[in-house]
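Hi there,

Here is the structure I promised to pass on. Please have a look at it first; my notes on what turned up follow below.

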Amino acid sequence: MQNVTLNNGVEMPILGFGVYQVQPDEVERVVTDALAAGYRSIDTAAAYFNEEGVGRALANCGIARDELFITTKLWIHNEGEAGSRARLERSLERLGLEYVDLYLIHQPYGDVYSSWRAMEQANKDGLARSIGVSNFYPDRWLDLALHNEVMPAVNQIETNPFHQRLREHELMAEHGMQIESWGPFAEGINDFFSNPTLAAIGQAHGKSVSQVTLRWLIQRGVVVIPKTVRPERMAENLEVFDFELTDAEMATIAGMDEDTSQFFDHSEVSWVKGLGTHFIDR
Ligand code: NAP
């Protein structure tokens, strides 16, 4: 597996496995299958309500802890630094782990400054090997970084052929922050898996739309964490290191950028009010 090196020296697999929308009663089987297929990086979140099942799969997989890279995320709350620390400790308990490899602020809402200070301390205490953010636009992560000690190691944001985040990617690279894609397949919307441009490129390499997409992201240096509940797709999504897209193919995919979210804009007032005040007790 190819790795990226984060700004604190921690190595992270460039290809991992996401479990958003995997049901709590299915996630243990899904993560067990993903680990058997060869994934070593698993991305979950307190808000996915499935950390317990991920933890059971990790406990039974027989893979050494230091070969795994586990990410979870802190949901929006207004409980200050102590609340953030307690939430991380509860996630660790649900996962059955002593530390996570990456802990992310899930959404750019609420008192993220106190959360970040708690996360900096958790990092020093060894509960999170790296810390980062998710769904942060540049103004938000840069301000957070400028007023704290630690530059976030990662920003996990929607990144796919329709929403490529090219300028943001460049800015993150300038500041030593790793871009990580969520929704690499735009969750399948807009007939993603039969997209003619991606399918034609795939045909030239004997590869599928999903493989071309993951390869394009990896060639850009973007960390990917595709989600599937099906073992045959888990294997398919891993087979992306035996071919290379040409410069012309990369340019063709660059031409697909609509430069807009396929889901929602975190800076929109309705989302700040709605999602930004959606609390969960986890
Ligand atoms: P995604 O990976 O873009 O798409 C998942 C969808 O694609 C599922 O419907 C899956 O169906 C299908 N699929 C997967 N591989 C396929 C293949 N080879 N051929 C055909 N269909 C395939 O969407 P995502 O789950 O939203 O994003 C990935 C991960 O990013 C998440 O699981 C989560 O860990 C993370 N994420 C984070 C945030 C955030 O706010 N930080 C938001 C969203 C997601 P089946 O399962 O039926 O195979």
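The ligand occupies the largest pocket. Please keep in mind that this is a predicted model. The pocket holds about 920 Å³ of space, and of the 39 residues that line it, Tyr-20, Gln-21, Gly-183, Glu-187 and Lys-227 are the closest to its centre. By class, that lining comprises 18 nonpolar, 14 polar and 7 charged residues. Two helices are worth finding on your screen: H8 (209–219) and H9 each supply at least two residues of the pocket lining. The largest share, 3 residues, comes from H9.

Now to the ligand itself. There are 27 residues around it, and the ones that come nearest are Asp-43, Phe-185, Glu-187, Thr-228 and Arg-233. You will notice that Glu-187 is on that list and also among the residues closest to the centre of the pocket. The shell around the ligand is made up of 11 nonpolar, 9 polar and 7 charged residues. Helix H9, which spans residues 231–238, gives the most to this shell, with 3 residues.

Which contacts might you want to display? Here are some polar ones:

- Lys-227: an N or O atom of its side chain is 2.8 Å from an oxygen atom of the ligand.
- Gln-156: an N or O atom in the side chain lies 2.9 Å from a nitrogen atom of the ligand.
- Pro-184: here a polar backbone atom is 3.3 Å from an oxygen atom of the ligand.

How much of the ligand does the protein bury? Taken alone, the ligand exposes 910 Å², and the protein buries 89% of that.

Next, the cavities. Searching the whole structure gives 2 cavities of 30 Å³ or more.

The largest cavity has a volume of about 80 Å³. Its lining includes the aromatic-ring residues Phe-136, Tyr-137, Trp-182 and Phe-264, along with Asn-135, Ile-157, Glu-158, His-163, Arg-165, Ser-261 and His-266. Sorted by class, these are 5 nonpolar, 4 polar and 2 charged residues.

The second largest cavity comes to about 60 Å³. Two runs of sequence stand out in its lining: Leu-74, Trp-75, Ile-76 and His-77 make one, and Ile-105, His-106 and Gln-107 belong to the other part of the chain, together with Tyr-109, Gly-110, Asp-111, Val-112 and Ser-115. This lining divides into 6 nonpolar, 5 polar and 1 charged.

If you only have a few minutes, I would begin with the ligand in the largest pocket and the side chains of Lys-227 and Gln-156, then turn to the cavities.

Happy browsing, and write back with any questions!

Best wishes

Key. Residues numbered from 1 in each chain as written. Predicted model: local features only at pLDDT ≥ 70, side-chain atom pairs only at ≥ 80, totals over all residues. Heavy atoms only, no water. Near = heavy atom within 4 Å. Polar contact = N/O pair within 3.5 Å; in protein donor to acceptor, adjacent residues only side chain to side chain. Areas by Shrake-Rupley, 256 points an atom, 1.4 Å probe, with all protein chains shown as cover. 1 Å grid on protein atoms, 1.4 Å probe; cavity = no way out; pocket = protein on both sides within 12 Å on 5 of 7 lines; lining within 4 Å. Sits in = over half its atoms within 2 Å of the grid points. Helix = DSSP H or I, 4+ residues; strand = E, 2+ residues; numbered from the N terminus. Nonpolar A, V, L, I, M, F, W, Y, C, P; charged D, E, K, R; others polar. Points joined across faces, edges and corners; volume = space filled by probe spheres on them.
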